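Trainee: I'd like to learn how to read a model like this one. Could we go through it feature by feature?

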Amino acid sequence: MDTTDIEKFKKRADNAIRLIAIHVAKKGLGEQLLNILVKVIEPTRREKGNIAYVLHRSMDNPDEFMFDEIWVDNESLDVHLKQPYIISAVEQMTPILAIPVELQKYSEVRD
């Protein structure tokens, strides 16, 4: 499955949001966390407001993952966070997280 909608990316506006979401599992529970995270990729990519949704695993810590996401706007991100599959994933992952999920929002610097 493609991780980025290239056409949406080319047409993104100045109010597009890049979200970096860091997930750290308790020691040794990285595979369990990975199994939860991969299940949200496909439905998220089908969301109208999603431009990109790319999961990465830390090269230094196998229990740490990062989603690099791009959303059409903040409203699209808000809708995403209320999706049943996201709510379910949060409920499933919370007991195995070492720390709360860290969310960092960015806007693109354009000339």
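Mentor: Let's begin with a cut-off: a residue is called buried when its relative accessible area is under 20%, exposed when it is over 50%, and partly exposed in between. Keep in mind that this is a predicted model. Now try the cut-off on Leu97, which has 11% relative accessibility and therefore counts as buried.

Trainee: Where does Leu97 sit in the chain?

Mentor: In a loop, the one that links H5 to strand E4 (102-106). Leaving out neighbours within four places in sequence, Leu97 is in contact with Val24, Ala25, Lys26 and Leu33. You can also look at C-alpha distances: Leu97 and Asp63 are 34 residues apart along the chain, and their C-alpha atoms are separated by 9.3 Å.

Trainee: Let me step back to the whole fold. How many helices and strands does the protein chain have?

Mentor: Count five helices and four strands. Read from the N terminus, the order is α-β-α-α-β-β-α-α-β.

Trainee: And how do I judge the overall shape?

Mentor: Compare the radius of gyration with what a compact globule would give. For 111 residues that is near 13 Å, and the protein chain comes out at 14 Å, which agrees. Along the principal axes, the C-alpha atoms fill a box of roughly 40 × 30 × 25 Å.

Trainee: What share of the 111 residues counts as buried?

Mentor: That would be 39%. On the outside, about 6,900 Å² is exposed, with carbon and sulfur atoms supplying 55% of that area.

Trainee: What about charges?

Mentor: There you can compare mean positions. The chain has 15 positive and 19 negative charges, and their mean positions lie 3 Å apart.

Trainee: How would I tell whether contacts are local or link distant parts of the sequence?

Mentor: Take the contacts between residues at least 6 apart in sequence, then see what share spans a longer stretch. Here 73% of them join residues at least 24 apart.

Trainee: Now helices. How do I find the side that faces inward?

Mentor: Start with the geometry. An α-helix has 3.6 residues a turn, so residues three or four places apart point the same way. Then mark the buried residues and look at the arc they cover. In H5 (residues 84-93), the buried ones are Ile86, Ala89 and Met93. Their arc around the axis is only 60°, which puts them on the same side of H5.

Trainee: Which exposed residues are on the face of H5 turned away from that buried side?

Mentor: Pro84 and Glu91. As for the buried residues of H5, they pack against strand E1 (17-24), helix H2 (30-38), helix H3 (41-45), strand E2 (50-57) and helix H4 (74-81).

Trainee: Which residues are buried in H4?

Mentor: Ser76, Leu77 and His80. These span an arc of only 100° around the axis, so they sit on the same side of H4. Their cover includes E1, H3, E2, strand E3 (64-71), H5 and E4.

Trainee: And how does H2 read?

Mentor: In the same manner, starting from its buried residues: Gly30, Leu33, Leu34, Ile36 and Leu37. They cover an arc of only 160°, which again places them on the same side of the helix, H2. Those buried residues pack against E1, H3, E2, E3 and H5. You've met Leu33 already, as one of the contacts of Leu97.

Trainee: Can we try a strand residue? Is Ile22 buried or exposed?

Mentor: Ile22 is in strand E1. Its relative accessibility is 17%, so Ile22 counts as buried. Not counting residues up to four places away in sequence, Ile22 touches Glu64, Phe65, Met66, Val101 and Glu102. From C-alpha to C-alpha, Ile22 and His56 are 9.5 Å apart in space, with their positions 34 residues apart in sequence.

Trainee: What does a residue between the two cut-offs look like?

Mentor: Take Ile6, found in helix H1. At 48% relative accessibility, Ile6 counts as partly exposed. The C-alpha atoms of Ile6 and Ile51 are separated by 7.7 Å, although the two residues are 45 apart along the chain.

Trainee: Is there a loop residue of that kind?

Mentor: Try Ala13, in the loop between helix H1 (6-11) and E1. Ala13 has 41% relative accessibility, so it counts as partly exposed. Its C-alpha atom is 8.3 Å from that of Asp73, 60 residues away along the chain.

Technical notes. Residues are numbered from 1 along each chain as its sequence is written. This is a predicted model: local features need pLDDT of at least 70, side-chain atom pairs count only at pLDDT 80 or more; totals for chains, interfaces and linings use all residues. Side-chain values use heavy atoms; hydrogens and water are left out. Helices (H or I, at least four residues) and strands (E, at least two) are DSSP runs, numbered from the N terminus. The radius of gyration is taken over C-alpha atoms; the globule rule is 2.2 Å times the number of residues to the power 0.38. Buried means under 20% relative accessible area, exposed over 50%, partly exposed in between (1.4 Å probe, protein chains only). Contact means heavy atoms within 4.5 Å. Accessible areas come from the Shrake-Rupley method with a 1.4 Å probe; for residues, only the protein chains shown count as cover. Lys and Arg count as positive and Asp and Glu as negative; His and the chain ends are not counted. The place of a charge is taken as NZ of Lys, CZ of Arg, CG of Asp or CD of Glu. The arc is that of the directions from the helix axis to the C-beta atoms.
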